[in-house]
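Here are my notes on the model you sent over. I've kept them as numbered points so you can follow along in the viewer.

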Amino acid sequence: MRLLLTGSAGFIGSHLAAHFLEGGHEVIGVDNYLSGQPAHTERLRQHPSFSFVQADVSLGLPDVAGALDWVMHFASPASPPHYQQFPIETLMVGAQGTQNALELARHKGARFFLASTSEVYGDPLVHPQPESYWGHVNPNGVRSCYDEAKRYAEAMTMAYRRMHGLDTRIIRIFNTYGPHMRADDGRVVTNFINQALAGEALTVQGDGQQTRSFQYVSDLIRGIVRLMDVTYHDPVNLGGTEPITMLRFAEVVRSLINPGVPVRFVPLAADDPRQRQPDITVARTLLGWAPEVSLDEGLRRTVAYFRQGTLPAAPPPPA
Ligand code: NAD
Ligand code: UDP
């Protein structure tokens with residue numbers, strides 16, 4: 001296959017690119033480094049089937065010669081501090097960036113894959129969240145730049161499907177973690193791990209009773225690849241199934257890295273969702289998918305990555 005992947009220098013995009021390259025496919029990565037890391041591009045570039053275009057996909061996608069099998073749109077800041085620092089860019093990449101990616105797919109006769117998010121459910125009143133839940137989103141609060149951009153991106157993707165018959169996929173990703181995250185991205189997993197490694201207090205926001213359900217990145221990649229192999233156009237939740245409070249999560253990270261570090265309570269961010277957990281019935285029945293990597297195992301691998309402080313070796317070229 002020949003795939004164009006936006007957001008290839010990001011956390012998830014870099015794993016996805018490596019997965020396809022290892023499988024013998026060709027990947028054209030596109031990224032503007034708004035929240036990504038050039039080191040990911042340098043590592044992927046060592047593979048002969050990877051090429052890269054530095055571009056802002058909100059302004060337009062590169063005019064790629066030749067056929068494409070897939071356009072995969074993963075570009076967007078995902079960490080709350082990042083998207084709140086760049087609210088207009090975040091709205092644009094979800095809106096104009098998505099339409100540009102859809103147009104490229106249409107022009108090339110390619111299939112289209114959208115990375116959406118559990119944030120379309122906002123601060124959910126239904127728990128756990130099935131895909132049929134319409135959500136509870138503050139349309140103009142500090143998280144709205146991300147939530148509404150992704151809701152628009154889903155709507156635009158479905159409109160291209162209905163109007164142009166494009167073969168589309170939509171996933172709603174729940175909190176995902178693993179190697180290749182930016183140590184400074186401000187999400188809870190990277191904050192707690194790097195605070196503990198530095199011997200600093202773990203910053204628990206609010207009373208720490210809010211929940212998330214973490215999934216390890218390899219489980220997400222497995223779900224993405226399975227969805228590419230079936231024909232299904234409605235959104236699919238992909239996420240961990242074990243909710244944990246942030247206070248308990250701090251305990252888990254402390255015990256893994258440094259039980260001596262204290263916890264420091266800091267103010268809760270505005271509009272922080274109180275609870276979040278996917279209903280994965282659709283992914284289970286449609287894809288035979290469920291998370292496999294335990295939080296303990298996933299955290300061990302992630303901590304090892306941050307202890308190492310370097311990027312892993314490039315994937316080997318196909319034989
Ligand atoms: P990330 O910030 O690590 O990666 C996003 C990448 O997109 C970065 O490399 C960034 O530079 C690039 N980008 C942003 N705007 C761009 C633009 N206008 N043009 C070109 N490139 C641009 O985030 P991530 O965690 O890897 O998330 C990847 C995708 O998955 C995002 O679409 C995000 O919304 C979605 N997602 C992630 C999570 C998660 O837990 N990580 C959860 C839900 C959804
Ligand atoms: N959080 C925290 N300490 C931090 C960063 C985040 O307690 O240093 C909490 C935050 O309030 C939220 C949860 O961890 O309830 C997950 O936050 P994150 O930014 O990782 O992702 P979100 O699910 O909010 O997009």
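1. Let's begin with the annotated stretch. Residues 4-230 are 40% helix and 18% strand, and the C-alpha atoms at the two ends of that span sit 19 Å apart. The span comes from UniProt, where an unreviewed entry labels residues 4-230 "domain: NAD-dependent epimerase/dehydratase". Bear in mind throughout that this is a predicted model.

2. Next, ligand 1. Which residues are closest to ligand 1? They are Gly7, Gly10, Ser35, Gly36 and Ile173, out of 29 residues that surround the ligand. Helix 1 (11-22), strand 2 (26-31), helix 4 (87-108) and strand 5 (111-117) are the elements that give two or more residues to this shell. Helix 1 gives the most, with three residues. By class, the shell around ligand 1 comes out as 14 nonpolar, 13 polar and two charged residues.

3. Ligand 2 has 14 residues around it, and the ones that come nearest are Arg187, Val188, Asn191, Thr203 and Gln205. Helix 6 (188-197) and strand 8 (202-205) each put at least two residues into the shell around ligand 2. Strand 8 has the largest share, at three residues. Sorted by class, you get six nonpolar, five polar and three charged residues around ligand 2.

4. Helix 1 turns up again in a helix pair. Its partner is helix 7 (residues 217-228): the two axes come within 10 Å and cross at roughly 60°. That angle makes helix 1 oblique to helix 7, and the crossing of the two is right-handed. On the helix 1 side, look at Ile12, His15, Leu16 and His19; they meet Val217, Leu220, Ile221 and Ile224 of helix 7. This contact has six nonpolar residues, two polar ones and no charged ones.

5. Helix 6, from the ligand 2 shell, also packs on another helix. Helix 6 and helix 8 have axes 10 Å apart and pack at an angle of about 40°, so they are oblique to each other. Helix 6 passes helix 8 in a right-handed crossing. Helix 6 brings Val188, Phe192, Ile193, Ala196 and Leu197 to the contact, while helix 8 brings Met246, Phe249, Ala250, Val253, Arg254 and Ile257. In class terms, that is 10 nonpolar residues, no polar ones and one charged. Val188 is worth clicking on: it is among the residues that come nearest to ligand 2, and it is also part of the contact of helix 6 with helix 8.

6. What about helix 8 and helix 10: at what angle do their axes cross? The answer is roughly 55°, with the axes of helix 8 (residues 246-257) and helix 10 (residues 295-308) coming within 11 Å. These two helices are therefore oblique to each other, and their crossing is right-handed. Val252, Val253, Leu256 and Ile257 of helix 8 make the contact with Leu295, Leu299 and Val303 of helix 10. By class, the contact has seven nonpolar residues, with no polar and no charged ones. Val253 and Ile257 of helix 8 are in the contact with helix 10, and they are also in the one with helix 6.

7. Two backbone details to check in the viewer. The peptide bond from His127 to Pro128 is cis, with omega near -10°. You'll find Pro128 in the loop between strand 5 and helix 5 (144-164); strand 5 is one of the elements in the shell around ligand 1.

8. The other detail is Tyr33, which has a positive phi of about 65° although it is not a glycine. Where does Tyr33 lie? Its place is in the loop between strand 2 and helix 2 (38-45). Strand 2, too, is listed among the elements of the shell around ligand 1.

Note on methods
Residues are numbered from 1 along each chain as its sequence is written. Chains are lettered from A and ligands numbered from 1 in the order in which they are written. This is a predicted model: local features need pLDDT of at least 70, side-chain atom pairs count only at pLDDT 80 or more; totals for chains, interfaces and linings use all residues. A residue is near a molecule or strand if its C-beta atom, placed from the backbone, lies within 6 Å of it. Helices (H or I, at least four residues) and strands (E, at least two) are DSSP runs, numbered from the N terminus. Ala, Val, Leu, Ile, Met, Phe, Trp, Tyr, Cys and Pro count as nonpolar, Asp, Glu, Lys and Arg as charged, and the others, Gly among them, as polar. Axes are lines fitted to C-alpha atoms, for helices over the stretch in contact, and angles run from 0 to 180 degrees between N-to-C directions. Angles under 35 degrees count as roughly parallel, over 145 as roughly antiparallel, 65 to 115 as roughly perpendicular and the rest as oblique. A crossing is left-handed if the near helix is turned anticlockwise from the far one by less than a right angle, and right-handed if clockwise. Two residues are in contact if their C-beta atoms, placed from the backbone, lie within 7 Å. UniProt positions are given in the numbering used here, feature names are shortened, and annotations may be inferred rather than shown by experiment.
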